[in-house]
Amino acid sequence: MNDLTLQKARAYEAEHGAAISPAERPAYHLTPYVGWMNDPNGFSYYKGQYHQFYQYNPYDVRWAPMHWGHAVSTDLLHWEYLPCALAPDSPADNGPGCFSGSATQMDDGKQLLMYTSVVAEKQPNGEMRDIQTQSIAIGDGLNYEKPACNPVLTQKDLPEGFSKFDFRDPKIWREADGTYSVVTVCLAEDGSGAAALFQSADGFDWHFVTVLERCNNQYGKMWECPDFFPLDGKQVLMLGPMEMLPKGEFHNGHNVIAFIGSYDQATHTFTKENVQLMDGGIDFYATQTTLAPDGRRIMTAWLQTWSDTEDKPKGCKWFGQTICPRELHIKDGRIFQTPVRELDAAHGKRTFHENVTVQSETSLEGIKGRVADLTVTVQPGEYRSFTLKLAADADHHTSLTYDPHTSELTLDRSYAGSRADIVHRRSCKVRSQNGALKLRILLDKNSIEVFANDGEQTMTVWIYTPQSADGITFAADGKATITAEQFELNL
Ligand code: FRU
């Protein structure tokens, strides 16, 4: 038994988390109370508030046995920290801990959390391996109890041919008839992931229903963090393939992809029609969605990924953050993403420049900063490329370059101040006509989120650049005519 109790975590964060001033955090993105965050968990609306739990190690800015951190918000921009919700302190999870999972409301008004419980177990060959099962915790939005029946799902509940070492990340929801459903990912005999569906009448007793989709080694290897939800008349299976080889729009390493298709609820058959990459940038992983009370499907994600978590400021007291939550829609068979409309209500001072001709690198009066909502529209025209630099000073910048002939948008943080051995550049194709391009850019200190052409493509990146680098410049090879509109954010 480890000594990682909930009381210890709560006492630690109450002292060290509370000592971090709001100025040391992003203005409208959620960060861990103190220490390390990876995946957002349990994103849900409960008792009049959005709840956001997250993979959490309060004691250090690196991954270690997992706790669940907890925060609430009414507008998805301002977050209030609540005490740590789960610690790796029960027989089912007192090893690597309480891995990712989700939340829903039960009939009696209680909040049900379902998560992957991980322990290290000696194998017949003497080797220690992590065993993954699914457990539940029930609470009131503040305190949670783990029932004695945990774990509620083990490898024994899966059909033959799935591994007990990789079976994780339950995403739970209620069906119209009140029954509970959960989708998890699991590793099949062919060494690749699958998404499995389970159901329960009461949230305690679960049975296997079907395998919704298999990777067949086509989209990465193991999958992580699944989600399964209806959207604009379609059904979406969103998940994170690990160790993907670059192919078409999919980049190497960890991706988030969405299968868009249809779902026959009577036979539990998911039929995929399209598959797409969810973000063409660098730091984006572990998505999770929830339904807002007004019917919007809202997605959050870890604004980071596993390949470059060592690139952190010296002496930082927290590391990791979520994206600004995004509204999802389907248009022409693809998912579009836009920042939650709550952000519009935070718009402050507006700076506007209309139809400016841009050639050599130039700045525009009043357009600058590291916390802002900026929209740049490039008119169709004869320019050969257009470049926007953000978080810029003499030594630093992160650039976005658009090539109207290839329709390629390239994000490049080579000069952001990062270490050499991380990914610095990624490109994605933007569908546009005659070089017309619209970029909405959310800046929040160390993060940049780009929404191209009303969210048809997004590119997300974390930059390790001093806050004093707050310049924004525009340049074109040829002549580009642009309009720039920037809002300060009143937060
Ligand atoms: C994804 C992930 C999950 C797992 C969690 C552990 O980033 O690897 O599959 O539950 O992180 O912290």
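The following paragraphs lead from the overall fold to the domains and then to the ligand site. This is a predicted model, in which local features need pLDDT of at least 70 and side-chain atom pairs count only at pLDDT 80 or more, while totals for chains, interfaces and linings use all residues. Residues are numbered from 1 along each chain as its sequence is written.

The protein comprises one helix and 32 strands (DSSP runs, with helices being H or I of at least four residues and strands E of at least two, numbered from the N terminus). Its radius of gyration is 22 Å, close to the 23 Å given by the globule rule for 491 residues, so the protein is as compact as a globular protein of that length; the radius is taken over C-alpha atoms, and the rule is 2.2 Å times the number of residues to the power 0.38. Along the principal axes, the C-alpha trace spans about 65 × 50 × 45 Å.

An automatic or database domain assignment gives domain 1 (6-340) and domain 2 (343-489). Their C-alpha centres lie 31 Å apart. To the contact between them, domain 1 contributes 28 residues and domain 2 contributes 30, two residues being in contact if their C-beta atoms, placed from the backbone, lie within 7 Å.

The ligand is surrounded by 13 residues, of which the closest are Gln55, Phe99, Ser100, Glu224 and Ala286; a residue is near a molecule if its C-beta atom, placed from the backbone, lies within 6 Å of it. At least two residues of this shell come from each of β1 (35-46), β5 (97-105), β9 (162-174), β13 (223-231) and β17 (285-291).
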